[in-house]
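Dear colleague,

I am passing on the structure we spoke about, so that you can have it open while you read. My notes on what was found in it follow below.

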Amino acid sequence: MAAFEAAARTGSVTAAANELGLTQSAVSRQISSLEKQLGVALFLRERQTIRLTIAGDTYAREVREALRRISNASLNLRANPAGGTLNLAILPFFGSRWLTPRLPRFLERHPGVVVNLITRLEPFDFRFDTLDAAIHFGEPRWPGASLSVLTDEDVIPVCAPAYLSRGDLRSCDDLRGASLLHLNSRPDAWETWFTSRGIEFEALHGMLFDQFSTMLEAAVAGMGLALMPRFLIDRELDKRLLVPAIETSPLHSGRYFLAYPPERGSYPPLAAFRNWIVEEAARTQDRVARSSRIGQ
């Protein structure tokens with residue numbers, strides 16, 4: 001299989017042989033044996049060159065992905081011979097702002113576990129991936145996965161103090177005329193916010209961002225108002241890099257979950273991580289609730 005993949009990638013039996021430390025004849029025999037086993041021609045042979053057939057090209061893509069997974073599995077096993085590796089898909093902003101700063105506490109409690117973080121923005125099929133679990137936001141729906149509730153997300157409109165000092169934001173109605181910053185993955189966030197306040201509006205224009213982090217920086221730079229998850233911007237609020245644009249109650253926008261395939265639920269690193277992250281999320285929820293009561 002490795003001989004076929006190398007020849008498909010390099011387009012040369014000679015190059016594949018050099019890469020694998022084999023003779024040209026050995027590579028050719030392995031490829032011929034594979035073709036006989038499959039009953040399909042994988043290469044078109046033209047004088048001293050080879051070229052993938054249509055079937056060979058499709059097969060090469062699948063084989064390359066399979067070999068990549070095997071390689072990753074081998075690396076993980078060598079890094080942790082006890083097999084305590086957890087491959088976790090994360091949402092970028094939640095991962096960088098909430099999860100990563102807390103991970104040392106998990107690793108201290110479970111020193112034999114290695115956690116690998118991979119960014120994924122959308123749900124995927126666990127059956128065809130090497131990931132053990134994923135952070136999910138939104139509705140409690142992920143086909144083929146079990147879900148553990150983590151924490152609610154409440155958003156508030158925020159802006160830089162300099163933007164607020166202009167003095168033209170006195171009520172929720174006034175926000176319609178402000179420079180609104182929009183997130184690509186939540187295109188209706190501002191519409192939902194205004195509707196929840198019973199405010200009529202026409203088209204809501206403004207800058208569009210594909211990441212929370214860049215929208216956050218734009219708000220800090222005074223470029224407009226952003227709807228941000230309250231519990232993920234403590235740093236900016238504490239340092240007064242951002243302030244609430246208006247005094248109003250937060251808007252519940254969804255929940256975070258840990259998603260994982262049911263058959264992996266008893267996998268020790270996953271079970272340990274699930275118990276830990278649920279505890280951490282409960283502490284965050286309690287802290288946010290206390291802060292809300294103090295602010296009232």
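**Strand β1 and its surroundings**

Leu44 is partly exposed, with 35% as its relative accessible area. Please keep in mind, here and throughout, that this is a predicted model. Leu44 belongs to strand β1, and, once its neighbours within four places in sequence are left aside, Leu44 is in contact with Thr49, Ile50, Arg51 and Thr53. Ile54 lies 10 residues from Leu44 in sequence, and the C-alpha atoms of Leu44 and Ile54 are 9.8 Å apart in space.

Arg45 is also placed in strand β1, which covers residues 43-46, and Arg45 is partly exposed as well, at a relative accessible area of 47%. Partly exposed is the class between under 20% (buried) and over 50% (exposed), so the 47% of Arg45 places this residue in that class. With neighbours within four places in sequence set aside again, the contacts of Arg45 are Ile31, Ser32, Glu35 and Ile50. Ile50 is therefore a residue that appears in the contacts of Leu44 and of Arg45.

**The protein as a whole**

The protein has 10 helices and 11 strands. Its radius of gyration is 26 Å, whereas the globule rule gives 19 Å for 296 residues, and because the value is well over that figure, the protein is more spread out than a compact globule. Taken along the principal axes, the box that the C-alpha atoms fill is roughly 80 × 45 × 30 Å.

Of the 296 residues, 41% count as buried, and the protein exposes about 16200 Å², of which carbon and sulfur atoms supply 52%. If one takes the contacts between residues at least 6 apart in sequence, 72% of them join residues at least 24 apart. As for charge, there are 34 positive and 33 negative charges, and their mean positions are 7 Å apart.

**Strand β5 and its partners**

Strand β5, which covers residues 133-138, is mostly covered, with six of its six residues buried. Both of its faces are covered, with Ala133, Ile135 and Phe137 buried on one side and Ala134, His136 and Gly138 buried on the other.

Strand β3 (residues 85-90) pairs with β5 in the parallel sense over two bridges, and in this pairing Ala89 stands opposite Ala134 of β5. Strand β11 (residues 251-260), in turn, runs antiparallel to β5 and is joined to β5 by five bridges, with Gly138 standing opposite Arg255 of β11.

**Strand β7 and the loop that holds His205**

Strand β7 (residues 180-183) is likewise covered on both faces, since Leu180 and His182 on one side and Leu181 and Leu183 on the other are all buried. This strand pairs in the parallel sense, over two bridges, with strand β9 (residues 225-229), where Leu180 stands opposite Leu225. Strand β7 also pairs in the parallel sense over two bridges with strand β8 (residues 208-209), and Leu208 in β8 is the bridge partner of His182.

His205 lies in the loop between α7 (189-196) and β8. Is His205 buried or exposed? At 65% relative accessibility, His205 counts as exposed. Apart from neighbours within four places in sequence, His205 is in contact with Leu180 and His182, two residues that are themselves buried in β7. Gly177 is 28 residues away from His205 in sequence, and the C-alpha atoms of the two are 9.7 Å apart in space.

**Two backbone points**

In helix α1 (residues 2-10), the buried residues include Ala3, Phe4, Glu5, Ala6, Ala7 and Ala8, and just after this helix Gly11 takes a positive phi of about 70°.

Arg240 has a positive phi too, of about 55°, although Arg240 is not a glycine. Arg240 lies in the loop between α9 (234-238) and β10 (243-244), and with a relative accessible area of 54% Arg240 is exposed.

With best regards

Notes
Residues numbered from 1 in each chain as written. Predicted model: local features only at pLDDT ≥ 70, side-chain atom pairs only at ≥ 80, totals over all residues. Heavy atoms only, no water. Helix = DSSP H or I, 4+ residues; strand = E, 2+ residues; numbered from the N terminus. Rg over C-alpha atoms; globule rule 2.2 N^0.38 Å. Buried < 20%, exposed > 50% of the residue type's maximum accessible area, 1.4 Å probe, protein only. Contact = heavy atoms within 4.5 Å. Areas by Shrake-Rupley, 256 points an atom, 1.4 Å probe, with all protein chains shown as cover. Lys, Arg positive; Asp, Glu negative; His and termini not counted. Charge placed at Lys NZ, Arg CZ, Asp CG, Glu CD. Pairing = 2+ DSSP bridges.
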